[in-house]
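Reader: I would like to go through this model with a few pointed questions. Please keep the answers short.

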Amino acid sequence: METLSPGYWQEQNLELGTLASLDEAISSTVWSSPDMLASQDSQPWTSDETVVAGGTVVLKCQVKDHEDSSLQWSNPAQQTLYFGEKRALRDNRIQLVKSTPHELSISISNVALADEGEYTCSIFTMPVRTAKSLVTVLGIPQKPIISGYKSSLREKDTTTLSCQSSGSKPAAQLTWRKGDQELHGESTRIQEDPNGKTFTVSSSVTFQVTREDDGADIVCSVNHESLKGADRSTAQRIEVLYTPTAKIRPDPPHPREGQKLLLHCEGRGNPVPQQYVWEKEGSVPPLKMAQESALIFPFLNKSDSGTYGCTATSNMGSYKAYYTLNVNDPSPVPSSSSTYHAIIGGIVAFIVFLLLILLIFLGHYLIRHKGQRREGASRGT
């Protein structure tokens, strides 16, 4: 080791391109003027950075007065990454962005959770000055998994669904919804993953199903800053079995005597009704028992009037709908001869109108012509 004159400092020799740290030179620095006050312009400055795992972070260090010295970046393990524009650590993820006497910027790509920590920017002035940059790495939560669904729930059953997502850092939050309606599940439970860095979160929701829930999507969503507003959710579609309902629809809607009529028994349910039974009040035997839902009247008459019932049945139960049929009088149908006469009458009326106009113009003409003749005769005498 060589001793330099007062006002200068000395450091150990360091070979760039190895894992040795230039920070070792700081510990061996000998100051000949300990009372010398350093200029604040030689103090470097940096900023804390947050990056999503797998992304790229840029570390920027600047100094106003470099005092003919180079800037250096070191990782949390105090390994030198770059000294000026010279690479010191063989890691292809770390690249030089900019190197000037006043700035040293480097980038780290494909950032891993292990890269998190405090990075140091140093400048070897008298004394050596440093600035810290805290790099926070966010762990991206995995797509949530929903469990606990039992197929074919029955109406008014109570069910509990569970949701889990791992890999988040910091711990994510889980929310539930049914369609556009928010479901209030239990508070998110947090458990540290085996790697000691990320977390697994879980939540459960319990609710009673109704027939309106048949085919609904129960959605579990992960909320985390690493997603930057992007949706990360999983949907579980549920099936609800419920008793059938039915209503009777006539076709045509206002039946008249002599027409053909279809009474449609429109059944709904899960499962859909498999059998339809038609009855008429006052009649003992059923009119029809079949899988078809329509009752057909080929030619209506007054005796068909009455109250009809349709019972729709599935393996979940039965439902009976009613319809009162009132057969109206037949609509008057215009005969072809009367239509023909009406057309002829219209044509004749039009011809008479034209003739009347023609006679008016002709009379007008004759009156004017006669007047002109009298005027000529009076002039001749």
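**Strands, sheet and a loop residue**

Author: Start with a hairpin pair: S8 and strand S9 (residues 129-138) run antiparallel and are joined by 7 bridges. Bear in mind that this is a predicted model.

Reader: How many residues does the hairpin that joins S8 to S9 run through?

Author: The two strands are antiparallel. Within the pair, Thr 120 stands opposite Lys 132 in S9. The hairpin from S8 to S9 passes through 5 residues.

Reader: Which residue of S8 does Ser 74 stand opposite?

Author: S8 also pairs with strand S3 (residues 71-74), in the antiparallel sense and over 4 bridges. Ser 74 belongs to that stretch. Its opposite number in S8 is Thr 120.

Reader: Is strand S8 mostly covered or mostly open, and how many of its residues are buried?

Author: S8 spans residues 117-123. Buried here means under 20% relative accessible area. By that cut-off the strand is mostly covered, with the buried count at 6 of its 7 residues.

Reader: Is Asn 75 buried or exposed?

Author: Asn 75 sits in the loop between S3 and strand S4 (80-83). Its relative accessible area is 10%. The cut-off for buried is under 20%, so Asn 75 counts as buried.

Reader: Which backbone nitrogen lies 2.7 Å from a polar atom of the Asn 75 side chain?

Author: Two backbone nitrogens come into the picture. That of Ala 77 lies 3.0 Å from a polar atom of the Asn 75 side chain. The 2.7 Å distance belongs to the backbone nitrogen of Gln 79.

Reader: Which residues does Asn 75 touch, leaving out those up to four places away in sequence?

Author: Set aside the residues up to four places away in sequence. The contacts of Asn 75 are then Leu 81, Leu 89, Glu 118 and Tyr 119.

Reader: Which strands stand at the edges of the open sheet of 4 strands?

Author: The order in this sheet is S11-S19-S20-S23, with mixed pairing. Each edge strand has a single partner, so one side of each is left without a neighbour in the sheet. The edges are S11 (153-154) and S23 (294-297).

Reader: Which residue in S23 does His 264 stand opposite?

Author: Strand S20 (residues 261-270) pairs with S23 in the antiparallel sense, over 4 bridges. His 264 falls within S20. Opposite His 264 in S23 stands Ala 294.

Reader: How many helices and strands does the protein chain have?

Author: The chain holds 381 residues, and 35% of them are buried. Its secondary structure comes to 2 helices and 25 strands.

Note on methods. Residues numbered from 1 in each chain as written. Predicted model: local features only at pLDDT ≥ 70, side-chain atom pairs only at ≥ 80, totals over all residues. Heavy atoms only, no water. Pairing = 2+ DSSP bridges. Buried < 20%, exposed > 50% of the residue type's maximum accessible area, 1.4 Å probe, protein only. Polar contact = N/O pair within 3.5 Å; in protein donor to acceptor, adjacent residues only side chain to side chain. Contact = heavy atoms within 4.5 Å.
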